[in-house]
Amino acid sequence: TASQERIVTATPRASQVIVFAPLPNKTALDQPFELNATASSGLSVSYTSSNIAVATISESTVIIHSQGMTTILASQDGNESYNPAPYVEQDLLVTRIIPKV
């Protein structure tokens, strides 16, 4: 019997990029705020905080816990049509409140 060759052709996945503007400085008493990074693919962007003692993230909402610095990483893992996007990082500086005398 002759062996049959099976040829599989895949559609190349498109590249995508994330646009994630620098974050404004915050204070330790600031309210939670929304992140607004976008992927050129239109797919949703995920976020992580490098320092959860300073801030944590729930979906796209940043919750500030204390003063300090954290780096917010925006990512998009891609799908059947898009390759993963290169990560984009923005620093978040949270300053303490100086009491008025």
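Two residues are said to be in contact when heavy atoms of one lie within 4.5 Å of heavy atoms of the other. With that in hand, and remembering that the structure on your screen is a predicted model, you can begin the tour.

**First stop: glutamine 76**

Select glutamine 76, which you will find in the loop between strand E8 (68-75) and strand E9 (88-95). Is this residue buried or exposed? Its relative accessibility is 8%, and because buried means under 20%, glutamine 76 counts as buried. Now display what surrounds it: leaving aside its neighbours within four places in sequence, glutamine 76 is in contact with Gln16, Ile18, Ala39, Leu43, Ser44, Pro84 and Ala85. Two of these neighbours deserve a closer look. A polar atom of the glutamine 76 side chain lies 2.9 Å from the backbone oxygen of serine 44, and the side chain of glutamine 76 also makes a polar contact, at 2.8 Å, with the side chain of glutamine 16.

**Second stop: glutamine 16 and serine 15**

Follow that last contact and select glutamine 16, which lies in the segment before E1. With a relative accessible area of 3%, glutamine 16 is buried. Besides its contact with glutamine 76, the side chain of glutamine 16 makes a polar contact with the side chain of serine 41, at 2.5 Å. Which residues touch glutamine 16, once those within four places in sequence are left aside? They are Ala39, Ser40, Ser41, Leu43, Gln76, Gly78, Tyr82, Asn83, Pro84, Ala85 and Pro86. Take proline 84 from that list and check the spacing: glutamine 16 and proline 84 are 68 residues apart in sequence, while their C-alpha atoms are 7.1 Å apart in space.

Next, select serine 15, which is found in the segment before strand E1 (18-19). Serine 15 has a relative accessibility of 64%, and since exposed means over 50%, serine 15 counts as exposed. Not counting residues up to four places away in sequence, serine 15 touches Tyr82 and Asn83. If you draw a line from serine 15 to glycine 42, C-alpha to C-alpha, it spans 12 Å, and the two residues are 27 places apart in sequence.

**Third stop: the sheet of four strands**

Now show the strands and look for an open sheet of 4 strands in the order E2-E9-E8-E5, which has mixed pairing. Its edge strands are E2 and strand E5 (46-49), each of which pairs on one side only. Colour strand E2 (residues 26-27) together with E9, and you will see a pair that runs in the parallel sense over 2 bridges, with lysine 26 standing opposite valine 94 in E9. E8 and E9, by contrast, pair in the antiparallel sense over 7 bridges. Within that pair, isoleucine 72 stands opposite glutamine 90 in E9, and the bridge partner of threonine 71 is aspartate 91, also in E9.

Stay on E9 and show its side chains, which alternate along the strand. Val88, Gln90, Leu92 and Val94 point to one face and are buried, whereas Glu89, Asp91, Leu93 and Thr95 point to the other face and are not.

**Fourth stop: the nonpolar core**

From the buried face of E9, turn to the largest nonpolar core, which has 19 residues. Which of them have the most contacts inside it? Select Phe20, Leu35, Tyr47 and Leu92 to see them. The elements that give two or more residues to this core are E7, E8 and E9, and the largest share, 3 residues, comes from E9. Centre the view on tyrosine 47, whose contacts, not counting residues up to four places away in sequence, are Phe20, Leu35, Asn36, Ala37, Ile57, Glu59, Ser60, Ile72, Leu73 and Ala74.

**Last stop: the sheet of three strands**

Finally, find the open sheet that 3 strands form in the order E3-E7-E6, with antiparallel pairing. Strand E3 (33-34) and strand E6 (55-58) stand at the edges, each with a single partner strand, so one side of each has no neighbour in the sheet. E3 is joined to strand E7 (residues 61-64) by 2 bridges, and here phenylalanine 33 stands opposite valine 62 in E7. Select phenylalanine 33 together with lysine 26, and you will see that lysine 26 lies over the face of phenylalanine 33, at 4.4 Å from the ring centre.

Notes:
Residues are numbered from 1 along each chain as its sequence is written. This is a predicted model: local features need pLDDT of at least 70, side-chain atom pairs count only at pLDDT 80 or more; totals for chains, interfaces and linings use all residues. Side-chain values use heavy atoms; hydrogens and water are left out. Buried means under 20% relative accessible area, exposed over 50%, partly exposed in between (1.4 Å probe, protein chains only). A polar contact is a pair of N or O atoms within 3.5 Å; within protein, one must be able to donate a hydrogen and the other to accept it, and residues adjacent in sequence count only if both atoms are side-chain atoms. Two strands pair if DSSP finds at least two bridges between them. A charge sits over a ring if NZ of Lys or CZ of Arg is within 6 Å of the ring centre and within 35 degrees of the ring normal. A nonpolar core is a set of buried Ala, Val, Leu, Ile, Met, Phe, Trp, Tyr and Cys residues joined through side-chain atoms within 4.5 Å.
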